[in-house]
Amino acid sequence: MSGGSIPRLVIAAPSSGAGKTTVATGLMAAFAESGLVVSPHKVGPDYIDPGYHSLATGRPGRNLDAYLCGPDRIAPLFLHGAAGADLAVVEGVMGLFDGASGMGELSSTAHVAKLLRAPVVLVVDASSQSRSVAALVHGFASWDPEVRLAGVILNKVGSDRHEELLREAMDSSGVPVLGALRRDGRAGTPSRHLGLVPVAERRAEAVESVSELAARVRAGCDLPALLALARTVPELPDAPWDPAAEAAPAAGTTAAAAPSDKPLIAVAGGAAFTFSYAEHAELLTAAGAEVAPLDPLRDEQLPPGSQGLVIGGGFPEMYAPDLSANAPLRTAVAALAASGAPVSAECAGLLYLSRSLDGKPMCGVLPAEARMTERLTLGYREAVALRDNALAAAGTRVRGHEFHRTVLEPGAGADPAWGLTHPERRVEGFVSGGVHASYLHVHWAAEPSLAGRLVASAARSAPAGSAAR
């Protein structure tokens with residue numbers, strides 16, 4: 001089987017809350033437990049669901065976001081992530097046809113399914129309907145003839161009689177029922193203000209939840225039929241995305257570090273910083289860096305010889321006391337930033353670099369104070385780099401997203417990280433020395449020069465702890 005014909009399914013729903021994550025994660029785990037190599041994917045920018053997908057399959061959960069990365073990169077990124085897999089399961093986002101606001105189908109589950117030439121299985125919340133389920137499915141199946149809605153999984157079914165009525169109604173729809181799951185709260189995954197609680201914060205309980213989801217899906221779904229459906233896909237003509245080729249410097253750009261340089265770049269993780277795309281570390285490595293993990297909740301020093309630092313998103317507000325109590329690491333991060341070494345921080349990383357978060361001292365790299373609020377800031381953004389910095393050359397245009405319930409005062413420094421151009425115009429974030437800190441989450445696969453520029457800057461920096469600092 002060639003890479004372009006990897007068996008694949010897209011798990012969608014009419015709306016959020018129907019049970020996509022339950023079914024998709026359960027399918028991933030059930031197929032993986034049967035001995036298949038399963039590649040997990042998530043439509044959209046979400047970082048949390050891929051953590052459960054990774055737990056279910058033992059492979060990195062990867063995002064497929066046509067807004068952040070562009071439609072042309074979706075199939076290549078999919079083929080890269082699914083290399084060597086027997087089956088790929090793609091969990092959708094929101095309702096099947098819900099895309100980026102005001103941009104039609106862009107970045108919707110339907111859009112990604114078409115780009116992947118993959119059949120769609122619709123997860124329907126059947127808890128308050130019987131015959132009407134057939135009308136609902138008929139509407140979704142006929143809305144866009146380019147979307148192949150090939151099956152339905154009925155979720156939250158109340159009883160044997162309820163299931164019988166639902167199946168009778170679906171008999172005339174032309175769309176086969178490939179599973180029925182009963183209402184069951186035993187495998188629930190706890191939520192927070194931004195969605196599910198990340199796996200890193202509840203790993204033991206998450207393992208148990210994923211195992212229970214696999215058991216429910218195995219009992220309620222026709223796995224052989226679903227696998228047979230996944231194998232009906234056509235060949236994808238695209239070449240897999242290649243981080244080594246992407247990280248190669250283009251004419252006129254800052255060259256990536258030579259392999260012999262191997263600057264060491266620490267990448268924050270652990271329970272407080274769980275938001276990261278797998279392709280970022282791959283691009284850093286391809287650009288010539290040695291990537292070392294860092295857990296700011298546990299590690300009191302940066303990895304020895306660090307010449308750069310990447311701090312992604314997460315939930316630092318849940319761990320502000322513990323992050324603050326780790327004074328040795330806060331001091332080390334401040335010293336690295338003061339040395340001029342590149343420090344790239346997104347959202348949670350931005351808060352960690354501030355003076356304080358909810359009154360708890362942070363690293364003090366940025367002249368700003370952060371606090372939690374009730375207001376959710378969420379949405380796609382377009383931005384441009386206003387000046388040369390360690391991450392982006394002036395004029396670099398990116399698409400990103402914001403996803404937080406915190407505010408930073410002030411919200412931008414004398415040299416902002418980005419000038420936002422859509423859907424509103426404002427400046428945002430901080431550039432100071434080698435520091436680039438912003439609320440904006442950016443997928444580096446869409447702009448690989450970010451990784452190459454960061455690594456090249458790190459190669460020019462003195463290692464942390466050296467006399468040259």
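This briefing describes selected helix contacts, a strand arrangement and several local backbone features of the structure above. The model is predicted. Two helix pairs are treated: helix 4 with helix 5, whose axes are 9 Å apart, and helix 1 with helix 2, whose axes are 8 Å apart. An open sheet of six strands follows, and after it come the loop that contains G95, two cis peptide bonds, at E409–P410 and at H422–P423, and the positive phi values of M94 and K156.

**Helix 4 and helix 5**

- Helix 4 spans residues 74-81 and helix 5 spans residues 109-116; the two pack at an angle of about 70°.
- Because angles of 65 to 115 degrees count as roughly perpendicular, helix 4 is classed as roughly perpendicular to helix 5.
- Helix 4 contributes I74, A75 and F78 to the contact, and helix 5 contributes V112, L115 and L116.
- The contact of helix 4 with helix 5 comprises six nonpolar residues, with no polar and no charged residues.

**Helix 1 and helix 2**

- Helix 1 (residues 20-33) packs against helix 2 (residues 48-57) at an angle of about 20°.
- Angles under 35 degrees count as roughly parallel, and helix 1 is therefore roughly parallel to helix 2.
- The crossing of helix 1 and helix 2 is right-handed.
- On the side of helix 1, the contact is made by T21, T25, M28, A29 and A32; on the side of helix 2, it is made by D49, Y52, H53, A56 and T57.
- The contact of helix 1 with helix 2 contains five nonpolar residues, four polar residues and one charged residue.

**Surroundings of helix 2**

- Helix 2 is largely enclosed by the rest of the structure, because eight of its 10 residues are buried.
- The buried residues of helix 2 are I48, D49, P50, Y52, H53, L55, A56 and T57.
- Among these buried residues, D49, Y52, H53, A56 and T57 also take part in the contact with helix 1.
- Just after helix 2, G58 adopts a positive phi of about 80°.

**The six-stranded sheet**

- The open sheet has the strand order 11-10-12-13-21-20, and its pairing is mixed.
- Strand 11 (290-294) and strand 20 (430-432) are the edge strands; each has a single partner strand, so one side of each is left without a neighbour in the sheet.
- On average, neighbouring strands of this sheet are turned by 15° against each other, direction ignored.
- Strand 10 (residues 264-268) pairs with strand 11 in the parallel sense, over five bridges.
- V267 stands opposite P293 of strand 11.
- Helix 13 (residues 327-338) lies across strand 11, strand 12 (306-311), strand 13 (343-346) and strand 21 (435-438).
- The direction of helix 13 is at about 110° to strand 12.

**The loop between strand 4 and helix 5**

- G95 is located in the loop between strand 4 (87-91) and helix 5.
- The relative accessibility of G95 is 2%, so G95 counts as buried.
- Leaving aside residues up to four places away in sequence, G95 touches A13, P14, S15, S16 and T109.
- G95 and A110 are 15 residues apart in sequence, and their C-alpha atoms are 9.0 Å apart in space.
- M94 also lies in the loop between strand 4 and helix 5.
- M94 has a relative accessibility of 37% and therefore counts as partly exposed.

**Backbone exceptions**

- Most residues other than glycine have a negative phi, and most peptide bonds are trans.
- M94, which is not a glycine, has a positive phi of about 50°.
- K156 is another residue other than glycine with a positive phi, near 60°.
- K156 lies in strand 6 (residues 149-157), and at 28% relative accessibility it counts as partly exposed.
- The peptide bond joining E409 and P410 is cis, with omega of about -5°.
- P410 belongs to the loop between strand 17 (397-409) and strand 18 (418-422).
- A cis peptide bond also leads from H422 to P423, with omega near 5°.
- P423 is placed in the loop between strand 18 and strand 19 (426-428).

Definitions and conventions: Residues are numbered from 1 along each chain as its sequence is written. This is a predicted model: local features need pLDDT of at least 70, side-chain atom pairs count only at pLDDT 80 or more; totals for chains, interfaces and linings use all residues. Side-chain values use heavy atoms; hydrogens and water are left out. Axes are lines fitted to C-alpha atoms, for helices over the stretch in contact, and angles run from 0 to 180 degrees between N-to-C directions. Helices (H or I, at least four residues) and strands (E, at least two) are DSSP runs, numbered from the N terminus. Angles under 35 degrees count as roughly parallel, over 145 as roughly antiparallel, 65 to 115 as roughly perpendicular and the rest as oblique. Contact means heavy atoms within 4.5 Å. Ala, Val, Leu, Ile, Met, Phe, Trp, Tyr, Cys and Pro count as nonpolar, Asp, Glu, Lys and Arg as charged, and the others, Gly among them, as polar. A crossing is left-handed if the near helix is turned anticlockwise from the far one by less than a right angle, and right-handed if clockwise. Buried means under 20% relative accessible area, exposed over 50%, partly exposed in between (1.4 Å probe, protein chains only). Two strands pair if DSSP finds at least two bridges between them.
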